[in-house]
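Q: Please take a close look at the strand pairing in this structure, and at the covalent link that goes with it. A connected account would be preferred to a list.

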Amino acid sequence: MIFKRKILVAAAAMALSAGAAQAQISGNVVKIGVLNDQSSLYADLGGQGSVTAAKMAIEDFKAKEKGLTVEVVFADHQNKADVGSQIATKWIDAEGVDVIVDVPNSGVALAVNQIVRDKKKVFINSGAASSDLTGAKCSPNTVHWTYDTWMLANGTGSAIVKQGGDSWYFLTADYAFGHALERDTEAVVLKSGGKVLGKVRAPINTQDFSSFLLQAQASKAKIVGLANAGGDTINSIKQASEFGIVKGGQKMAGLLVFLSDVHGLGLDKAQGLILTNTFYWDLNDQTRAWAKRFAAANGNKYPTMVQAGVYAGVLHYLKAVDALKSDDGTKVVEQMKKTPTDDPLFGKGSIRVDGRKIHPAYLVEVRKPSESKGPYDYYKVLATIPADQAFRPIGDGGCELVKK
Amino acid sequence: MAQLDPVATQVHDPVWEARYHRNGFLVLFAILVVAPFLVYPVFLMKALCFALFACAFNLLIGFGGLLSFGHAMFLGFAGYVAAHAAKVWGLPTELAILSGMAAATVLGVLAGLLAIRRQGIYFAMITLALAQMVFFYCLQAPFTGGEDGIQSVPRGKALGVIDLTNNIAMYFYVLAIFAAGMLLIYRIIHSPFGQVLKAIRENEPRAISLGYRTDRYKLAAFVLSASLAGLAGATKAIVFQLASLTDVHWSMSGEVVLMTLLGGLGTVFGPVVGAFIIAAMESYLSELGAWVTIAQGIIFVICVLAFRRGIIGELEAFLRRRRKN
Amino acid sequence: MTTQALFGQLLIGLINGSFYALLSLGLAVIFGLLNIINFTHGAQYMMGAFVAYFLMQKAGLGYWWALAIVPLVVGATGVVIERLMLKQLYKLDHLYGLLLTFGLALIIEGLFRNSFGSAGLPYSIPESLTGVYNLGFMYLPKYRGWVILASLGICLATWFLIERTKLGAYLRAATENPALVQAFGINVPRMITLTYGFGVGLAALAGVFAAPIYQVSPQMGSSLIIVVFAVVVIGGMGSIMGSIITGFGLGIIEGLTKVFYPEASNTVIFVIMAIVLMIRPQGLFGQR
């Protein structure tokens, strides 16, 4: 009863305040749209799990008690930029969606980024890699949460060289994302004092990497860098194990690998793989507690960093909406940048002017089967990269929002 | 080959046919003029582009008797060229669309010269292989943007005056293009050229013995079909302000076959109906991901086994039977 | 690139060629004898890998059991498809068969994708075949060596069965003149059904071979099927020996392309197909 009265009072106050048009929640509902790949390559790293994560964030935020009605819708963009754009446009134009979250696949993410900017809503990206989202294509309506190509290249690249992996051979997927990842990592390796002994470009969606792996073996590089993603990464790792690359003394560096990929491969194939993630469920008590709750609601699958990013992003968004009592896109993002972030998953952090969320990154190695004590016990942390070093320096991205 | 278009081989009464088609066009365009005020216009535009694509495809299979399994190459490649023309060269919308169409026409000539030499299954396989080559080219060529595609394509202004970022304005622009395309196809089918094409489809050796250079007719049909598919693709790229790999992938070639089969091979309105249904299925079932693929597969199977004439085909057969009685 | 390294790459190409040969063999058998383009072949290959996975997970039956059981199980599904659906299409244009099998492929792939997602499932190399042979110029994983030899064996056995035995002769005669062969007392419809099942079984067998080295995923067939079609067309659509030789040959050519010009390794097969079709439209070993 008191609860209802609070809403009525609040509503009356809002209606009476002058110039109140901006300080209102459109339709009195905050609608969150989770847009990702639900059925193919990236369904496991985000998929339904991201929807679960969003719902958990709404629950933990105690939206009802605060008088906010929050709804979640979701859709499958099938990794196609045209499908993703159409869904995003329809959501905003015809269904009152205020914020779009997740969106793996850089092509789709860039398209949605533009649409959300044109229509002045909010885009919290957790799934995509393109560092352009906070660089050349940065927008006052976009927050890029979990990771990006620069962080992956630098995190994995420099940390590995520091650990002694100073000669590299690249196995690259022959498309824009692969090239970008290879280019960025190569730059870091060279800057850190390492050498690149060679590289080979494989067409995307190659089934058989044996020929390329043979070349990598012949190069005798200490590190074989996999500048690819999704099925290509899984196939190359699986076949590398078959050809005895790790047993022969070389180490595999996965430049874009998720917990779900390791789970799909199995530890006997993935052991020894080095990668960088910004979240791992077994880091501390808070992450563990959250992960257990998540797994219970997600068919016993533990969270990937992308799903963690959706949770944290939605939580921070709701705090901003609540503080402003408005869901005006541009203003909410401003508020999100003004407020420091604090959640059980990424700890304390912040969002920069260019939309980049800052938090520490972890260089991890995949355990041997004998070292794993339970389900999803896959990583041992080799090094922590502090937040101020993990991401590209703010001035280097070419973002127009950054004043020189 | 004649068995692949069960509708068209029947004996017709041209007067009745003409009246039926005229009424059909009136009904169709009456609905389409009113529709954007009732249904989300962006969906309608998608359906119209696919409908034009399917009509172009139907020209080749329904009337030419040639099943192309690579038609996506025309749709998608024209889309890329149009997108590039509008975004990078800054051409006005009309010229951008025409550039896309021109590119598809050239591609059609090149592909046609290779493919026409064979028939039936072999023809289908060649078109599939050629489409794959175009796909891999588009994947790697720098101008296409690879996996990201060409994004933020400007819609521009119609005739330099009307702002096309307004969805209703864009809709009527697309409707005009669609109407022009459909009417052109209708004229082609009912022209002497169209008659020869039908004769070739039903009995090529006889057509040859009558002195027709059948290869030239088939090539002409192929190029026309490619060109109009290109028109559909170029328009689609402008409407969605995006050109992507989806439109050159072989599954898109499969989809246009499905649309035409479902609507009715060899009918005038069939491809339009089929395109709208498939587009609706994709849009409204998009939350269900893999179920769309399964549903498409089921429709294929049912159509092939029990519903070969397609929706409009069955309707036309019903109307003709009723006329007889 | 040293000659040693080159030999290594050629051997790899031969391994891939065995998959192409085995799959195109199934397609060639089905097309050559039944005039059906079996677009479902890729999905049946995928089912083979999945059934092997399930035999391992649910019944604890390993690789060697899978080799025997999987072709029978998946072949049986092929028999059902033929009996229920393909049979009705024989009197129609061949292209309807293509469309039907295309639709079936969509259904099967969609159902598997729905149930199993896309990340792929792990399947281990059988114990007896793990490890590598040191050939001097490269380390050849034992399993891959087994794949080459086994595929070659099966291809040659199939060729022999169809081209050199009485059963094969009946089959070939039944394709050309079913009424006459039926008049001799041979149950032609049943032979046709079993032939389709056999072709499907070959696809499933290829799937079992693939399971330990490629991820078992619902998409594994669709990426491969278009390439295999190209192989069959180049070899000559009805020719058994044609598809075997072309399959291995194209594997080697693709392998060499991966070394010298890797970006084109996807397209080279289609370019060859276009060239062959221009010069010799019936394929390298096909008859007009």
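A: Two strands are taken to pair if DSSP finds at least two bridges between them. The model examined here is predicted.

That criterion applies directly to strand β13 (residues 357–358) of chain A, which is joined to β12(A) by 2 bridges. The two strands run antiparallel, and Ile351(A) has Lys357(A) in β13(A) as its bridge partner. Together β12(A) and β13(A) make a hairpin with 5 residues between them. Within that turn, Gly355(A) adopts a positive phi of about 95°.

On its other pairing, β12(A), which spans residues 347–351, is joined by 3 bridges to β11(A), residues 341–343. This pairing is likewise described as antiparallel. Here Asp343(A) stands opposite Gly347(A) of β12(A). A hairpin is formed by β11(A) and β12(A) as well, with 3 residues between the strands. Strand β12(A) thus takes part in a hairpin with β11(A) and in another with β13(A).

Parallel pairing is found elsewhere in chain A, where 5 strands form an open sheet in the order β2-β1-β3-β4-β5. The edges are occupied by β2(A), residues 70–76, and β5(A), residues 142–144, each of which pairs on one side only. On average, neighbouring strands of the sheet are turned by 20° against each other, direction ignored. As a general matter, strands of a sheet pair through backbone hydrogen bonds, in either a parallel or an antiparallel sense.

At the β5(A) edge, the partner strand is β4(A), residues 122–125, and the two pair in the parallel sense over 3 bridges. Asn125(A) stands opposite His144(A) of β5(A). Helix α5(A), residues 106–119, packs on the sheet. The helix touches β1(A) (30–36), β3(A) (99–102), β4(A) and β5(A), and its direction makes about 155° with that of β4(A).

The loop between β4(A) and β5(A) also carries one end of the covalent link. Cys138(A) lies in this loop, whereas Cys399(A) lies in the segment after α15(A) (387–390), so the pair ties together parts that are 261 residues apart in sequence. The two residues form a disulfide, with their sulfur atoms 2.0 Å apart. The cut-off for such a bond is 2.5 Å between cysteine sulfur atoms, so this separation satisfies it. With 85° about the S-S bond, the link of Cys138(A) and Cys399(A) is right-handed. Both ends are withdrawn from solvent by the accessibility criterion: Cys138(A) is buried at a relative accessible area of 1%, and Cys399(A) counts as buried at 7%.

A search of the whole structure finds 1 disulfide over all chains. Cys55(B) offers a contrast, because its sulfur is 12 Å from the closest cysteine sulfur, that of Cys49(B), and this is too far for a bond. Cys55(B) is nevertheless buried, with a relative accessible area of 4%. Cys155(C) is buried too, at a relative accessible area of 0%.

In summary, chain A holds an open parallel sheet of 5 strands, antiparallel hairpin pairings of β12(A) with β11(A) and with β13(A), and a disulfide between Cys138(A) and Cys399(A).

Note on methods
Residues are numbered from 1 along each chain as its sequence is written. Chains are lettered from A and ligands numbered from 1 in the order in which they are written. This is a predicted model: local features need pLDDT of at least 70, side-chain atom pairs count only at pLDDT 80 or more; totals for chains, interfaces and linings use all residues. Side-chain values use heavy atoms; hydrogens and water are left out. Helices (H or I, at least four residues) and strands (E, at least two) are DSSP runs, numbered from the N terminus. Axes are lines fitted to C-alpha atoms, for helices over the stretch in contact, and angles run from 0 to 180 degrees between N-to-C directions. Contact means heavy atoms within 4.5 Å. Buried means under 20% relative accessible area, exposed over 50%, partly exposed in between (1.4 Å probe, protein chains only).
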